[in-house]
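This report is written for a reader who has not met this structure before. It takes up some salt bridges, then the pockets, then one helix.

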Amino acid sequence: MAKANEYFLRLSSGYLFPEIARRAALWQEKHPGVKLLKLGIGNTTEPITPHIAKKMREKIDALENRNTYTGYGDEQGDTPLRKAIAELYGREYGVSIDPLEVFVSDGAKSDAANIQEIFSEDSVVAVQDPAYPVYVDSNVASGRGGFYDEKKGLYDRLIYMPASEKDNFIPHPPKEHVDLIYLCFPNNPTGAVISKERLREFVEYAKREKAVIIYDAAYSDYIREEGYPHTIYEIEGAKDVAIEINSFSKNAGFTGVRLGWSIVPFSIKAESAPDGTIHRLWNRRQTTFFNGASNIAQAGGIAALSEEGRLECKGLVDYYLENARIIREGLEASGLRVFGGVNSPYVWAKCPEGLRSWEFFDLLIDKAHVIVTPGSGFGAAGEGYVRVSAYGHREDVIKAVESIRENLK
Ligand code: PLP
């Protein structure tokens, strides 16, 4: 008889967002006709910009014509897109990336989930707490997480790097040895951004411990203040120890189009393996299990990286950053303590004294009819906070913030 994968069975109960949807639906059932205002999920709401849409439309036209039709492309991505991504790093961040180190994907979530496959099963994994759930779940589902401790809200084989308020939600490198470290900045969910000095501590740790950092930079275009690295490769030596994941979802509005990339440098080392092994294994993994990102999406990606496209994306990010400002200031005016939301689309709000994340979530629905995301859903250290997302139409964001201000007294 077929046996279910025991590691999958170890995944702790339901994914956060279905649980939010369940509670919202239940509330709605009891309160028909009342409109819930959503500041929960990190899903984009504003349309794809004109230049990028035009280039995707042209690609569709080319696919309609037998002389210009193309089928499968390279699994690693179309060469012009790989080149355009490498050029972005050179032009905007002064970092040298070989286009062959760029692997195009159908989004950062897939890469964040799949990258662990090329590392040994017995790798010790460190994650930020709180964290985007995919890093934890992908490692639990592949046997590196151990068992979930309900009481502690932690997996017993993972090493957690808690983010505390006194450290501006920037964790420190682990005290013990680990092999893989997942970092995400600007951070989902806390909205924290890491300085070069603090990121250097992780790169130094990785060099010393011969560890690899998986750096999720999906929100890098939201960094507007000086002094924060947009890519981990701005830190000297990072190309020897870090894989970087990025996405077109949150800057070009490709959450539904689906396009992302990973940089897997040739120079990353693995124990007892020849140089270049990690790069070679990711190439092997992608060419074996992935058939390339949509060619229409890739045409959009090339357009997004052109001068015109970058300007359009900046406008889109500006829009969400303005939403974040409205949320931050509105919540502050309601007497809440808030963090993030400056170089990030996420505002991290502390629950009023004595309330836990889900309690505050329920209170916000009940009193203000606003849906947020409970911080505890991102890890034990997120308890006592909620994440408020700037993804929404301006008028809805304003309504939600006003409702909180008026009803949360
Ligand atoms: N990484 C982080 C930190 C995210 O917050 C998200 C989406 O919310 C993703 C990756 C997923 O991005 P994509 O849409 O490219 O799969």
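Asp362 has a relative accessible area of 31% and is therefore partly exposed, since that class runs between under 20% for buried and over 50% for exposed. The model is a predicted one.

**Salt bridges**

Asp362 pairs with Arg23 in a salt bridge whose closest N and O atoms are 3.1 Å apart. Because Asp362 belongs to helix H12 (residues 357–368) and Arg23 to helix H2, this pair ties together parts that are 339 residues apart in sequence. Arg23 is also partly exposed, at 24% relative accessibility. The two residues are part of a network of salt bridges that links Glu19, Arg22, Arg23 and Asp362.

In total, the structure holds 22 salt bridges. Side chains of opposite charge can pair when their charged atoms come close. Three of the pairs are set out below.

| Salt bridge | N to O distance |
|---|---|
| Asp362 and Arg23 | 3.1 Å |
| Glu92 and Arg91 | 3.7 Å |
| Arg337 and Glu165 | 2.9 Å |

In the salt bridge of Arg337 with Glu165, the partners sit in loops. Arg337 is in the loop between helix H11 (307–333) and strand S11 (338–340), and Glu165 is in the loop between strand S6 (159–162) and S7, so the pair ties together parts that are 172 residues apart in sequence. Arg337 is partly exposed, with a relative accessible area of 48%.

The salt bridge of Glu92 joins its side chain to that of Arg91. Glu92 has a relative accessible area of 36% and is partly exposed. Arg91 is partly exposed as well, at 49%.

**Pockets**

Where does the largest pocket lie with respect to domain 1 and domain 2? Domain 1 (6–47 + 309–407) and domain 2 (53–308) both give residues to its lining, so the largest pocket lies between them. Its volume is about 800 Å³. The lining consists of 30 residues, and Ser12, Tyr148, Ser376, Gly377 and Gly379 are those nearest the centre. Sorted by class, the lining has 14 nonpolar, eight polar and eight charged residues. Helix H2 (16–30), S3, H6 and S5 each supply at least two residues of this lining. Helix H2 also holds Arg23, the partner of Asp362 described above.

The second largest pocket contains about 560 Å³ of space. It is lined by 25 residues, and Lys210, Val212, Lys269, Ala270 and Glu271 lie nearest its centre. Helix H7 (196–209) and helix H9 (277–289) are the elements that give two or more residues to this lining. By class, the lining of the second largest pocket has 11 nonpolar, six polar and eight charged residues.

**Helix H6**

Helix H6, which supplies residues to the lining of the largest pocket, covers residues 133–140. Is helix H6 mostly covered or mostly exposed? Helix H6 is mostly covered, with seven of its eight residues buried. These are Pro133, Val134, Tyr135, Val136, Ser138, Asn139 and Val140.

What do the buried residues of H6 pack against? Their partners include two helices, H1 (6–9) and H5 (108–114). The others are strands: S3 (125–129), S5 (154–155), S7 (180–184) and S8 (212–216). Of these strands, S3 and S5 also contribute to the lining of the largest pocket.

Conventions. Residues numbered from 1 in each chain as written. Predicted model: local features only at pLDDT ≥ 70, side-chain atom pairs only at ≥ 80, totals over all residues. Heavy atoms only, no water. Buried < 20%, exposed > 50% of the residue type's maximum accessible area, 1.4 Å probe, protein only. Helix = DSSP H or I, 4+ residues; strand = E, 2+ residues; numbered from the N terminus. Contact = heavy atoms within 4.5 Å. 1 Å grid on protein atoms, 1.4 Å probe; cavity = no way out; pocket = protein on both sides within 12 Å on 5 of 7 lines; lining within 4 Å. Points joined across faces, edges and corners; volume = space filled by probe spheres on them. Nonpolar A, V, L, I, M, F, W, Y, C, P; charged D, E, K, R; others polar. Domains from an automatic or database assignment. Salt bridge = Lys/Arg side-chain N within 4 Å of Asp/Glu carboxyl O.
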